[in-house]
Structures are given as C-alpha cells and as structure tokens.
Amino acid sequence: MNNAPLQGIKVIDFTEVQSGPSCTQMLAWLGAEVIKIERPGVGDATRKELQFDPDLPSYYFLQLNSDKKSLALDAKTPDGKAILTKLIKEADVFIENLHPGAMDKLGFSWEEVHKLNPKCIYGTIKGFPLSSRFKDLKAYEPIAQVTAAAASTTGWYEGEYNIPTQSGAALGDSNTGMHLTIGILAALMQREHTGEGSYVYQSMHNACLNLCRIKTRDQLTLDRIGYLTQFPQYPDQKFGDFVPRAGNMEGSGVLGWTYKCKGWETDPNAYVYVILQRGAKDFELACKGLGFEDWLTNPDFNTADARDRHKQEIYKRIESFTIDKDKMEVVKLLSPYGIPCGPVLSTKEIMSDESLYDGNTLVKINQGGKIGEFVTVGCPFTISNYQPVYGPCPELGGNTEEVLTSLGYTAEEQAQFKANGTTAPLPKEAEK
Ligand SMILES: CC(C)(COP(=O)(O)OP(=O)(O)OC[C@H]1O[C@@H](n2cnc3c(N)ncnc32)[C@H](O)[C@@H]1OP(=O)(O)O)[C@@H](O)C(=O)NCCC(=O)NCCS
C-alpha cells in the first residue's frame, strides 16, 4: 500500500543552505536514501544560522533536512576523495550547489562523476544559466529575484515605496529546489530508457524567471500596444517601456485587489483579496453579493473593458463594503455568490490552523532531545497510495560510521579517517 516512489534510489547530497537541500528533502520524502555530505565540524551553514539556541541546530536547518543521513566528510583530503568516489559508484543521483567552479576544483564535476558511474544522474544548482554573463557569480535568494524580473515587478507603483521589492516566498531558493526535483525525476525516467545518467543543470535565475512568465507576457503586450489594461496605472498614468510594479493587482485579466477590513488600523493583516471575474454572469452575481446592482446598468462598469478603465472607483467602492467587516466575514458573505476571495493570513494564523495538520500540509516532526517537536511544511502534494513518513534531521556526521561500514571500511580505517581530518575536524580546528 505505502509504495515509496523513490524506494531503492540512492542520492549523494552535496548541497547546503536552501536551494539544494529543499530538493534533496523532497527526494527523501519520496522515499530515496539521501546521504548528506557535510564538512567535519562545520556542517551545512544553516545549522548555525538564525539559531534559537546556540547549542542546537536552527529551524532553518531542521525544516530542510529531515529524513536524511549525515556523513561528515572533507572531500579535499585524499581519503575523502576516495570515500566520495566509492559512494558515487553506487549512487543513482549526485546533487551539488557549491559556488561556480568549486566542484571542478574538488575533482567531482559532471564529467568526472559520469566517468566514475555512467548511470549516475548529476544535478547541479547555480545562480545563473551557463549562457549568462553572470554565470560565475555566487547567488542567494535576492540575487535571483532582482535579476529575474521578480523584484522589478513587485511592490508599490508610486510614492516613496516605489522600490524593487522581494517576494516573501523563496522564489530563488526553495523554488529552485523544486525545479531541480522535476529535472531529477525526469532524468530518472529517462534513465529507464537510455540506461545512462544525465546532467541536470538548474539555475536559480531560470527557476525564478519561470515564475515570472506572466511578466514576460506583459512585456510582449506592452511592446506591441504601449499599455497594460489590467494594471492599476491604466488608463490614467503613462507606461514606460518596461513592465512596472503593480501593487496588489491580480496579474491576469481579472480585476483583483487587496481591501482593508475591520481592524486594519492596528492589524497589518486585516485585509481581504477580492476578484471580479470578466464574465457577465459572474459580474452580475458579484454585484448582487456586494449590493452594487446599479453597476449592471452603468456603462462605466457593466463590461469588463469599462471596469478596467474605472478600476480606481471600483477599488474605492469595494473597500467601502469590506472596511467595517472582519476579513473572514467578507469571505463568508461573498463566496456564496461565486466571488473569488480570500483573507490575508499571517504566518501565526496559518500555523495555528488545526485543519492544516492533515498529515501533509503542515507536519510535526519529533526531533527528540532538547528540540522536541517542530512544525514544518510537508510534501506539498499527496499521492493516493503513498504517505511520506516525516522523520528527524541527522546530527552532523550522525551516520558516518553506518555509511563507511556499508562501504566496507574497517574500524581501523575509520579511526584513521577521524584522526587525519577526513571525517572529524582535526584537533586544532575542533578547539577553534
Ligand atoms: C551559496 C553560495 C553563495 C555559498 O558560497 P561559499 O560561501 O563560497 O560556499 P560553498 O559551499 O560554495 O564553498 C565553500 C568551500 O567549501 C568547500 N566545501 C564544501 N563542502 C565541502 C566538503 N564536504 N569537503 C570539502 N570542501 C567542501 C567548497 O569546495 C568550497 O571550497 P573553495 O572555496 O576552495 O572552492 C554558493 O555556494 C553558490 O553560489 N551556490 C550556487 C547557488 C546556490 O545554490 N545558492 C544558495 C541558495 S540557497
């Protein structure tokens, strides 16, 4: 019944921070054996970033590394290279996200790994596509967002806050990990036919740009006609030659906006999003729900094109409906009329919604020890005959002995690896 889709697939996870680990965590949740390579005594940088206790791994690390094994390994020592070589020879997938050129320097580029194990799929994350003038740059989340049209098109469109703005969603990091996951799964399917592993190159730029497709659509339209009817700037303000920021507009053809609700003066999330669809029937129902039936006979509002030209009046009037009502009440009142709407929810509201603890949406992982239970976002899709089991995160090097023993290394050899800095920090480093 519980058929893990990736059962029997071995992944060597040479990734850290967020982009790579989000991919390998997904692979682990789908049933792959994921062996995370971490520098002895150092580990994934996120272990010590944003900690809630200086002696414990941060939630940042915990939320991205559950169900993996940790092998402490310095891949720069001769023994480290030999161990990694052995691991690669029996791996199905090797994934890395080091800075450009680092893997070549270590001697484990795609070409080298392919020679070692032609069946092994090689996944890599970098900031930019190989064709880009930025291909050699290191990259973090905001770098991906500012260079892929996300930041230039997000935020307010006038006044002092008219500045490029980042999305709170990890478009450059976890989104890249999910894109790489798609590539890895495709390569696994492909290997079924070809018998050979392939190279999956995923840039943060391309993952982010893929989610900004509608902004490239807007650029094409702007280039042709010089204006964008769905934008709040239309029809009164001038458009330049690039897609501007659009505040809270919906993004496609329907007319949507974020409206203040009761309590907005003190609660920054007392808002609701309401959409007016373009179809005549939908609009008629919406007018009924809002009590604005006069719009049905008013030529300024009774067609979708007219509404595009009068959206500022629409924003004002809908807000007069929502402003004295609780955001949940607005949804309750409008949704029976088929009006697409939703409350703006804070992280607190979401994480305290018991209905979301359904086994996948939000999950509680028991890490044990001083950490105990923590909440994370589970596998975002469900599979009818498979339920992931959400296990704890490994301690740094917690599975070193197990992995080395499975590779055939004796206790004496393992003691030597520890002593020469391959699987444990050298005494000098440990003192630092
Ligand atoms: C995230 C990033 C900016 C960090 O850069 P960084 O601080 O230089 O850290 P890296 O992990 O890439 O590499 C640091 C060094 O550790 C080394 N290293 C990492 N793991 C190692 C291991 N297990 N054994 C030996 N050396 C190791 C690397 O080889 C590198 O050595 P070098 O500088 O001599 O080449 C960079 O890795 C990057 O741009 N990655 C691609 C995009 C990406 O995924 N960004 C993160 C988004 S969440």
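**Exercise 1. The three-stranded sheet**

Task: Work out in which order the strands of the open sheet of three strands follow one another, and which strands stand at its edges.

Solution: In this predicted model, the open sheet of three strands has the order 7-8-9, and its pairing is antiparallel. The next step is to look for strands that pair on one side only, and these edge strands are strand 7 (255-260) and strand 9. From one strand to the next, the twist of this sheet averages 15°. Turning to a single pair, we find that strand 8 (residues 271-276) and strand 9 run antiparallel and are joined by three bridges. One residue pair can be named here, since tyrosine 273 has glycine 342 of strand 9 as its bridge partner. Finally, helix 12 (residues 311-322) packs on the sheet, where it touches strand 7 and strand 8, and its direction makes about 40° with that of strand 7.

**Exercise 2. A glycine in a loop**

Task: Locate glycine 338 in the chain, and decide from its C-beta neighbours whether it counts as buried, partly exposed or exposed.

Solution: Glycine 338 is found in the loop between helix 13 (327-334) and strand 9 (341-343). To judge its surroundings we need the cut-offs, by which a residue with 20 or more other C-beta atoms within 10 Å is buried, one with 12 or fewer is exposed, and one in between is partly exposed. Glycine 338 has 13 C-beta neighbours inside 10 Å, and therefore it counts as partly exposed. If its neighbours within four places in sequence are left aside, glycine 338 is in contact with Asp282 and Leu285. A further distance can be read from the backbone, for the C-alpha atoms of glycine 338 and leucine 276 are separated by 9.8 Å, although the two residues are 62 residues apart along the chain.

**Exercise 3. The six-stranded sheet**

Task: Give the order of the six strands in the open sheet with parallel pairing, and explain why strand 3 and strand 6 each have one side without a neighbour in the sheet.

Solution: The six strands lie in the order 3-2-1-4-5-6, and the pairing is parallel. Strand 3 (69-72) and strand 6 (199-203) stand at the edges with a single partner strand each, so one side of each is left without a neighbour in the sheet. Neighbouring strands of this sheet are turned by 20° against each other on average, direction ignored.

We can now follow some of the parallel pairs:

- Strand 1 (residues 10-14) is joined to strand 4 (residues 93-96) by four bridges, and valine 11 stands opposite valine 93 in strand 4.
- Strand 4 is joined to strand 5 by four bridges, and isoleucine 95 stands opposite glycine 123 in strand 5.
- Strand 5 is joined to strand 6 by five bridges, and tyrosine 122 stands opposite tyrosine 199 in strand 6.

**Exercise 4. The surroundings of strand 5**

Task: Determine how many of the six residues of strand 5 are buried, and which residues lie on each side of the strand.

Solution: Six of the six residues of strand 5 are buried, so this strand is largely enclosed by the rest of the structure. In a regular strand the side chains alternate between the two faces of the sheet. For strand 5, Ile121, Gly123 and Ile125 lie on one side, while Tyr122, Thr124 and Lys126 lie on the other, and both faces are covered.

**Exercise 5. Two helices and their contact**

Task: Describe how helix 1 and helix 7 lie on the strands, and then at what angle the two helices pack.

Solution: Helix 1 lies across strand 1, strand 2 (33-38), strand 4 and strand 5 (121-126), and runs at about 155° to strand 4. Helix 7 packs on the sheet by touching strand 4, strand 5 and strand 6, and its direction makes about 160° with that of strand 5. Between helix 1 (residues 19-29) and helix 7 (residues 174-194) the angle is about 50°, and their axes are 7 Å apart. Helix 1 is therefore oblique to helix 7, and the crossing is right-handed. Among the residues making the contact are Cys23, Met26 and Leu27 of helix 1, and Met178, Leu180 and Ile184 of helix 7. Sorted by type, the residues of this contact comprise six nonpolar, seven polar and no charged.

Methods: Residues are numbered from 1 along each chain as its sequence is written. This is a predicted model: local features need pLDDT of at least 70, side-chain atom pairs count only at pLDDT 80 or more; totals for chains, interfaces and linings use all residues. Axes are lines fitted to C-alpha atoms, for helices over the stretch in contact, and angles run from 0 to 180 degrees between N-to-C directions. Angles under 35 degrees count as roughly parallel, over 145 as roughly antiparallel, 65 to 115 as roughly perpendicular and the rest as oblique. A crossing is left-handed if the near helix is turned anticlockwise from the far one by less than a right angle, and right-handed if clockwise. Two residues are in contact if their C-beta atoms, placed from the backbone, lie within 7 Å. Ala, Val, Leu, Ile, Met, Phe, Trp, Tyr, Cys and Pro count as nonpolar, Asp, Glu, Lys and Arg as charged, and the others, Gly among them, as polar. Two strands pair if DSSP finds at least two bridges between them.
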